[in-house]
Every structure is written in structure tokens, then in C-alpha cells.
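Reader: Could you walk me through one buried spot in this model, and then show me how the charged pairs and the packing around the rest of the chain fit in? I'd love a single connected story that I can follow with the structure open beside me.

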Amino acid sequence: MTHEVVNQAPPRAGLNEYLINPALTEAVERYDAQWASAQLSDVGALVGEAGFQHDAELANTHPPVFAGHDRWGNRVDAVEFHPAYHRIIGAAIEHGAHTSCWSAPKPGAHVARAATFMLFAQVEPGHACPVSMTHAVVPSLRFTPELAEQWLPKVYSRVYDPHLQDPAVKTSAIFGMAMTEKQGGSDVRANSTRADDAGDGTWRLTGHKWFCSAPQSDAFLVLAQAPGGLSCFLVPRVLPGGARNVFRIQRLKDKLGNKSNASSEIELDGTTGWLLGDEGRGVRTIIEMVAQTRLDCVLGSAAGMRQAVAEAAWHVRHRSAFGALLVDQPAMTAVIADLQLEAEAATWTALRLAAAYDDPSAVAFRRLATAVAKYWVCKRGPNHAYEALECLGGNGYTESFPLARRYREQPVMAVWEGSGNVIALDVLRAMAREPESVDAVDRELASALGVHAAYDAHVAATRRLIRQVAADPSSAGGQARRVVEALALGLQAAVLIREAPAAVADGFVAARLGADRSLEYGALGAGVDLAGIVARA
């Protein structure tokens, strides 16, 4: 024997990822979803299994492959996945991570669905993209009742079937979307894809899409220029009767991360589609879907933060250096506590937002708060993942541990559904066009006043900044990121002050809003209950 393996952390498996996540369990109870605790515990046990974790690894080390033609030369435009991917997304669909809040609405339904989605995304995030889009398509489908009647029962199904079939006979469906084009990106009104009325209740679409995620899906929402303006169309992969629709996959994107999820460029050439919503109102129709997927970007980033800090905390609790466990070394204690604060703030904020989607009176709040949280939580994700990775030292930088994959994964949530400037400018647009959304968020901030002087000062400064931007719209763009950051930190602090344990709320205010404020991890000032925070990681 040349060596003996010592001082290495054991495998982090066999844990119930729901029950050991206090921020998630507390927020689920607080926001009226305690009725789902048993189901969430089942999901937590499932995703904590070594077999599920291995499937997550396989789905990413054996990414999807594009097959343009079959062996006889027929064009099939197929995407082939490792069986592990199908097992993961099948489990997510079975447990309602996609549409359970729509198919069985009740108090807390969006919160329960959000928590389910987060648990699956914590371990394998790539499959969460089609799961999210299938969830998000529901409000858009409702713009055209006859299409909703046809497709909603399929998206509500808990059965995952990856085979493309005649929609008249297939009982389940996964949805995707295709908006952006190479010349426009987020400026979807610059789209050139054309839609011509076929005169039989259908339209013929001709053009391209630069990003189409999950091209293996059963159907898509697609933006195209109709005579009446930019419109939204439902485009199935298979037409009634069983014939393949024209849906030409040009290539799969070779992405930084998100490897298990197929993202593609597609061409449409006389492709059949059905008008969804009113002609010329395509953005209005699809924006309902975008709002939901933006929320899921927040959920996904928060789930990633949970994975990152949980893996880091596991490592430092089991590894010694310089005569003590790493977790007991003051510098490392401060880093883990700070990572946990960020993860808790993201989790509480994410489920507070999900609760707003259960509340019909919260439309104004969620309009602004979703965009603000999407910008900030997703923006913080990559650096959080990096700092957690560093806690594992060299192990963290290898593909044998999940944090290298998470580090590559987190940036995509900041890019999807509007990157930083796009979201920041959307916040300004909402503030100008929907002032009631500013009032709603301000009420949220006001609900936590009077507890922390540093928080009160932050709210006062945020209100001054909002007034300055409103008074000088011409210079507002240059202040957009400052405004969003101020609102985001205020929202996170408000929910933590109201709902989280004192150690977490006090620590967050001190770390992010106090005199020693720092956005660098591990720079927590004196007086913070580091041990109490670390105990929750």
C-alpha cells in the first residue's frame, strides 16, 4: 500500500435535501404550502440519493446529440439524450415540478410548485429549462380558449413521454419557446420571421430563430411578423394526423454550461402555426410566459446557491487543516456564513415572489419585484458558486465534484429572459408606466422599517434614488443598475427581517447594508452570529 485515504469528506448522499434546508422548509410553511411538506420531503429524499446524483452527472457528461437524418436519409431533426436525462425530467414531471400549481390551484400552490422545482434544479439544472417553459406557457395558452382546451390537459399531465406523436393522440406535452433572432436578440420587434395566413385557420411561418431551447419539445410559442404586426403562434413539432411539421434544427449550441439541456438554432420554412392571442399583440401574449420563466430563473439561481453552500459546508465540516476542522477556522466560518446568508436571502425572496403569484391582489408587486429579483439574484449566482467552489480547494475545480458544473451553470440564469441591462431597463419601464408597482414594492419595504437603523437608512436612500430617476428620465438609463440593486437589497432585507430567524436577518443587514457592508464573501463584521448562520447551511 502506497497511501491511505484520510481527511477527505465522505460522499454527500443519502440526505433529504428538503428536510435539511431550513430556509426552504420555513418559507414553505410561512407562505401557506405546509400541506405539501410530505410530498416535498419525498422529492428531497429522491434528489438526495446517490443514484439521482449520478444521473445528474451522466446527463451532463453525455450531453444531447443532434441527428439531422435517419439511416435512410430522411430528415428527422431529432435530439437524442442519455437515458439519465429522461429519468430526471420524468421524475420532475411526475412530481408536478412543471404545472401542479395550475392543474390543482389552492392557497400556496405556486409556492409548493416552486419548492419542488428548486429541489430538482438544485441537483440537475439543465432539465429545468423545458420544465420551466411548460409551466410558463399556461397563462399564454389561455389567450385563445380553443387552443387552451386542446393543449392544457396535455401540459397538466404527470406522464413524461419523450416521443414525438400526433397531438391528437398524445396525452402529454412539453413546451418550448422561440423568440430571439440573430439580428435582434432581446429586441424581438426586430424579428424578421414572417407569418402568412393560410386561410384555413392556420398560418405559415418562414424565418429563423437564433436560440430555441429544448427543440425536442412537443410544441413551441414562436414570434413572427404578421400583416397586423408581431404576433405569437403555437407551433407543434407534429401536425394533426401525424405528419411532421417543418422544424429544421440547424445545430445545437455549444454552451459554457447547461450541457444537459439542448439549445438550438432552427429554421422555419412554411411551418404551420396557430395564432395565439390577437394578431399584432405577440409581445403581450408571450410576455405572460416570460414573466413566469423570469421567476423560474430566480428559483433556479436560488437552488444553485443552495447546492453550492451545502456542498461547501459539507466539505469544511469533514476536512481538517492546521489542527482544526476547516469549519472552525474563523476565516472559513465567515465565508460559509456569508454564503449561507446569500442563499437564504435568495430562497426567501424566491418563495415570497412565488407566493405573490398565488395572490390575485399582488399583480403590481410581482410585476416589479420579479424583474428586480431576477436581475439581482441571478447576477449574484456565479460569484457565489465560485466562492463555494474555492472552499473545496482543488477538489472543487475538478469535474468529479458538482461545483465545477454549478459554476458554469449559474451565468445562464442571468442571461436567460433578459440579461442585466435588459432587465434593469425593464425595471425603469415598469416604474414609469406602472407607478402602482413602485407603490406596491415600497409597501413591502415599509413593512420592515423600525427594526434596523441600517435598513431604515437604506430604504430612505432608495426612495431618494427613485425620486431622482423619476425627475430626470433622460439620465435614468445610467442609473438603472443602481436603482435595481438598491431595490433588490431592500426586498431581500425586508423579507428576512419579517420572516427569517434573527441571526439571519441581523447578519444580512450587517453584511449588505451596514457600515461594514461588503459584497465580497467572508467580510462579515463583528457582532454577527456566525455559528448560528453556519448551522443552517
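**A close look, starting from one aspartate**

Author: Happy to! Let's begin with Asp77, which counts as buried at 7% relative accessibility; buried means under 20% relative accessible area, exposed over 50%, and partly exposed in between, using a 1.4 Å probe and protein chains only. This is a predicted model, in which local features need pLDDT of at least 70 and side-chain atom pairs count only at pLDDT 80 or more, while totals for chains, interfaces and linings use all residues. Residues are numbered from 1 along each chain as its sequence is written, and side-chain values use heavy atoms, with hydrogens and water left out.

You will find Asp77 in strand 2, residues 75-80 (helices, H or I with at least four residues, and strands, E with at least two, are DSSP runs numbered from the N terminus). Its side chain makes a polar contact of 3.0 Å with the side chain of Arg75. A polar contact is a pair of N or O atoms within 3.5 Å; within protein, one must be able to donate a hydrogen and the other to accept it, and residues adjacent in sequence count only if both atoms are side-chain atoms. Setting aside neighbours within four places in sequence, Asp77 is in contact (heavy atoms within 4.5 Å) with Phe66, Ala67, Gly68, Arg237, Phe247, Arg248 and Ile249. One of these partners, Arg237, is 160 residues away along the chain, with 9.9 Å between the two C-alpha atoms.

Now for the charged pairs. The structure holds 29 salt bridges, each being a side-chain nitrogen of Lys or Arg within 4 Å of a carboxyl oxygen of Asp or Glu. One of them joins the side chains of Arg12 and Glu311 at 4.0 Å, N to O. Arg12 sits in the segment before helix 1 (22-30) and Glu311 in helix 9 (residues 282-318), so this pair ties together parts that are 299 residues apart in sequence. Arg12 is buried, with a relative accessible area of 10%, and Glu311 is buried too, at 12%.

Another bridge links Glu444 and Arg498 at 2.9 Å, N to O. Since Glu444 belongs to helix 14 (residues 435-446) and Arg498 to helix 16 (residues 476-499), the pair ties together parts 54 residues apart in sequence. Here Glu444 is buried at 9%, whereas Arg498 is partly exposed at 29%. Both belong to a salt-bridge network with Arg30, Arg352 and Glu499.

Helix 16 also holds Val495, which is buried with a relative accessible area of 1%. Beyond its neighbours within four places in sequence, Val495 is in contact with Tyr31, Trp348, Thr349, Arg352 and Ala500. So one network member, Arg352, appears in both pictures. The C-alpha atoms of Val495 and Ala345 are separated by 8.1 Å, although their positions lie 150 residues apart along the chain.

Finally, the packing. The largest nonpolar core has 142 residues, and Phe120, Leu205, Ile336, Leu351, Cys391, Tyr455 and Leu496 touch the most other members. Such a core is a set of buried Ala, Val, Leu, Ile, Met, Phe, Trp, Tyr and Cys residues joined through side-chain atoms within 4.5 Å. Helix 10 (residues 330-356) gives this core its largest share, 16 residues. A second, separate core of 30 residues includes Trp102, Val137, Leu147 and Ala173.
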